[in-house]
Amino acid sequence: MGGAPRPAVPYIHVAADGSCALAGSRCEACGAVYAGEREVCAACCARGRMRSIALATQGRVHTFTTVCRSFPGVPVPFVMAVVDLDGGPALRGTLAGVAPQAVRFGMRVRVEFRDSGQRDADGNPWIAFCFVPATEDGQR
Ligand SMILES: [Zn+2]
């Protein structure tokens, strides 16, 4: 990708070898799962019971919309989806690699990390995630 990859959102973890993962937290008191790090559980208000976990790389489309107008330079149409990751939480992201009319509620998707095409001031690429269609076993 060139340069040191930088996560576009704080819950993307980029390893030294360039591999990426979604980081999350699970409440040991009630089991609620969140993207990113947390001190307090929003579901049960437990404090100090959050544990870091790796989020699933697969899930199902909960809902979606087709975006037909966007910022200048952003190709449209594209699909924006809310995906229920296996084991939680729900995340919003672009659903790529599928025509808007082919998207179905509950369809299986997986997380894919991509160079956003944007660079920081030092020329390092910003890494973003999107969802792409997957089969029931998580493969394309
Ligand atoms: Zn909790």
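How many residues lie between E2 and E3 in their hairpin, and which residue in the turn has a positive phi? Five residues separate the two strands, and Gly-18 in the turn has a positive phi of about 90 degrees. The model in which this hairpin appears is predicted, so that local features need pLDDT of at least 70 and side-chain atom pairs count only at pLDDT 80 or more, whereas totals for chains, interfaces and linings use all residues. Residues are numbered from 1 along each chain as its sequence is written.

The protein has ten strands and zero helices, where helices (H or I, at least four residues) and strands (E, at least two) are DSSP runs numbered from the N terminus. Its elements accordingly read β-β-β-β-β-β-β-β-β-β from the N terminus on. Along the principal axes, the C-alpha trace spans about 45 × 40 × 30 Å. Of the 140 residues, 19% count as buried; a residue is buried if 20 or more other C-beta atoms lie within 10 Å of its own, exposed if 12 or fewer, and partly exposed in between, with C-beta atoms placed from the backbone. Among the contacts with a separation of 6 or more, 48% come from residues 24 or more positions apart, two residues being in contact if their C-beta atoms, placed from the backbone, lie within 7 Å.

The strand E3 offers a way into the N-terminal part of the chain. Two strands pair if DSSP finds at least two bridges between them, and E3 (residues 20-27) pairs in the antiparallel sense with E2 (residues 12-14) over three bridges, with His-13 standing opposite Ala-21 in E3. Strand E3 also runs antiparallel to E4 (residues 33-35), to which three bridges join it, and here the bridge partner of Gly-24 is Ala-35 in E4. E3 and E4 form a hairpin of their own, with five residues between them and Gly-31 in the turn at a positive phi of about 90 degrees. Strand E5 (residues 50-54) is joined to E3 by five bridges, again in the antiparallel sense, and Met-50 in E5 is the bridge partner of Cys-27. In the loop between E4 and E5 lies Cys-45, whose phi is near 70 degrees, a positive value in a residue other than glycine. Cys-45 counts as exposed because it has 11 C-beta neighbours inside 10 Å.

Further along the chain, E7 and E8 pair in the antiparallel sense over six bridges, and Gly-93 in E8 is the bridge partner of Ala-81. Their hairpin has four residues between the strands, and Gly-87 takes a positive phi near 85 degrees there. Pro-89 is found in the loop between E7 and E8, and the peptide bond that leads from Gly-88 to Pro-89 is cis, with omega near -5 degrees.

A second cis peptide bond joins Val-76 and Pro-77, with omega about 0 degrees. Pro-77 lies in the loop between E6 and E7 and is partly exposed because 13 other C-beta atoms lie within 10 Å. Not counting residues up to four places away in sequence, Pro-77 touches Thr-66, Val-67, Cys-68 and Pro-100. The C-alpha atoms of Pro-77 and Ala-99 are 9.0 Å apart in space, although the two residues are 22 apart in sequence.

What, then, are the residues with the most contacts inside the largest nonpolar core? They are Ala-81, Val-83, Leu-95, Val-109 and Phe-131, in a core of 18 residues. The elements giving two or more residues to this core are strands E6 (58-67), E7 (78-85), E8 (90-95), E9 (108-119) and E10 (125-133), and E7 gives the most, with four residues. A nonpolar core is here a set of buried Ala, Val, Leu, Ile, Met, Phe, Trp, Tyr and Cys residues joined through C-beta atoms within 7 Å. In soluble globular proteins, nonpolar side chains tend to be buried together.

Val-109 illustrates the surroundings of one core residue: leaving aside neighbours within four places in sequence, Val-109 is in contact with Gln-58, Gly-59, Arg-60, Val-61, Val-83, Leu-95, Phe-131, Val-132, Pro-133 and Ala-134. Arg-110, in strand E9, is partly exposed because 19 other C-beta atoms lie within 10 Å. Arg-110 and Gln-58 are 52 residues apart in sequence, yet 4.1 Å apart in space, C-alpha to C-alpha.
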